Amino acid sequence: MSIILVIVFTILMLLAIPVGHALVIAAGATLAWQGELPLMIVAQQMYQQTQSFPMLALPFFMMAGSLMLGGKLGQELLSFATKSMQRWRGGPLSTTVVASVVFGGVSGSAVANASALGSVLIPWQKRQGYPAGLCAANNATSAVIDILIPPSIPLILYSLVSGVSIADLFTAGILPGILMAGGFILTCSWIARRRGIHSEDPSVSRMELLKLAVLSAPALLMPILILLGLRFGIATPTEISVLAVIYALALSALFYRDLTWQRFHHSLIEAGIATGVVMLVIMGSAIVGWILTFDQVPTRFADWVSTTISNPLLVILAMNILLLIVGMPLDLPPAILLLGPIFVPLAATIGLDPVQLGIIMVLNLGIGLYTPPIGTTLFISSSIARSTLADTTRELWPFFGVAMLVLLAVSYIPALTIY
Amino acid sequence: MTRVAPVPHHEQELATGGGTLAVANVIDRAVGFACRSIILLTGIALLAILTANVVARYVLESGGFRFAQELPERLFPWFIMAGVALAVQKGGHMAVESVLSRLSRNGARIMLLVGFAIIIASYAILGWEALGVADIVSIEKSPVLGLSSSYSYYALALGCAAVILTTFALALRVALIGPEAMPTPDPEETGI
């Protein structure tokens, strides 16, 4: 049954049918071909996913991010990142990296991050003398830091398939995220030094920087508040996401005074659409997962790998290679939802902690968002920078190298994710 | 991967299009209005219930509202399915377009239309099955509010109907205008 499923799914994907639809249709076609199982299973499995209380966190984290970044707070955050970095060599480029970290604490989406930051920062960086391809490469890679800093939508999805606590995953993502940001900042500085590019902007006074930090503080505090809320059991992840919306609404209405009905309406509708996109993939993956489990594919795969490759380090390497290949054509949510149920039992057989596996998966599939020749943040950034894909790809390699080093470190040093 | 190509100027062509395109516009407006209304109503209700429950947990001795898990579970499917249909309209669902982008304009048009036909037929079957399950589970009631499980399946069935209508409207546009009539989503609407 699983072979039919894979064949039909591949054909539908080649026909450019959206992944969510392709998963639902392929699973339905497989059940119809098998003939003995009722098609009602498709409807039942889809329904089951809509009853998942933790998944209610998705729209509200998205809405909180949209509310915070769409108004004055987003501008203050960007000013803070820009001014704090402009005195350093390669500062304009590093601004994207720092902004990705601070925006990551509010939003949970790398694609939204690439678009929001790129449209503001890339034109400014180009005016500073940085080549379009380099700006695009920097933007495409830095945006992915977002999904390691809490709140992270891909980590919430991984918690759904693995059963690992969202609080543990959010905590585990911070150090790799900071490590990646540090590596990218050094890369930006190295590139600027090698090419002799100097910043023309005057450096800002400490007072001005402090003022900007105070104005940005409400957003900079958000990931800390989320983690504290989860760690101390003040509320469930879903309730924390709702409180994040209330926090964003209160800040916007009382502190920045830019809340309008239009902004609220736009944020909620945007969150609704994004939830529809992600939930359709979740619903489709659930039916596919049901069929794979019915065929005992995850167990058989884990048994096969553990008997074929005896060394756990090689198993982790094999998982990483497979994720890199899958991550190129497939987006993050379906890749996590399809491979998660297969990799979690495999990780258990080799003694790999599921929290560490979650960060490996999200980081690895995040790299897939800018791995040439196809990648969402790669395309968005190239389009904003008006750079050809070839130019962006040429400039991408130093950043790609840093990301691979961080991935290797996360894969083989448990202390980076489990503490 | 998500479609990120520049938006073609098909809006002008739509304005000068014939009756068929007017039908597509009417479908889109009706489905869009219904879905946006559902997202707003259910979204605000979910926000209010969940916030009130957190407050109630620390204020009331009962430790929160007993219905605070039940009602969101009944409302969330409506929120999701409205989002699914609206995302079809906005082109938000992620697709791998490596083959499509290599085809000629006519080839791409035919390929898209084949895909739309598959989606419409499949969702018609899925919607029918969802109604069947809704019938079966109508006797299952939630413990506190006594809400039937059928409501969630009706959301699934109506969501399928909205996907069919929206896909049909898209198919009309692609058939008459070409592949450039495909909508391009905002990055914020893709969710990753």
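**Chain A and its partner**

Reader: How many residue pairs are in polar contact between chain A and chain B?
Author: A polar contact is an N or O pair within 3.5 Å, one able to donate a hydrogen and the other to accept it, with sequence neighbours counted only through two side-chain atoms. The model is predicted, with local features at pLDDT of at least 70, side-chain atom pairs at 80 or more, totals over all residues, and heavy atoms without hydrogens or water for side-chain values. Residues count from 1 along each chain as written, with chains lettered from A and ligands numbered from 1 in written order. Between chain A and chain B, with both residues at pLDDT 80 or more, the count is 7 residue pairs.

Reader: Which side chains meet in a salt bridge?
Author: Between chain A and chain B there is 1 salt bridge (Lys or Arg side-chain nitrogen within 4 Å of an Asp or Glu carboxyl oxygen). At 2.4 Å from N to O, the side chains that meet in a salt bridge are those of B:Arg57 and A:Glu239.

Reader: Which helix gives the largest share of the side of chain A that touches chain B?
Author: Helices here are DSSP runs (H or I, at least four residues), numbered from the N terminus. The largest share of that side of chain A, 17 residues, comes from helix 14.

Reader: Which three residues supply the most of the area that chain A buries against chain B?
Author: The two chains bury about 6000 Å² between them (accessible area lost on being put together, 1.4 Å probe, summed over both), and 77% of this lies on carbon and sulfur atoms. Supplying 10% of chain A's part, more than any other three residues, are A:Tyr47, A:Ile273 and A:Val277.

How values were computed. Helices (H or I, at least four residues) and strands (E, at least two) are DSSP runs, numbered from the N terminus.
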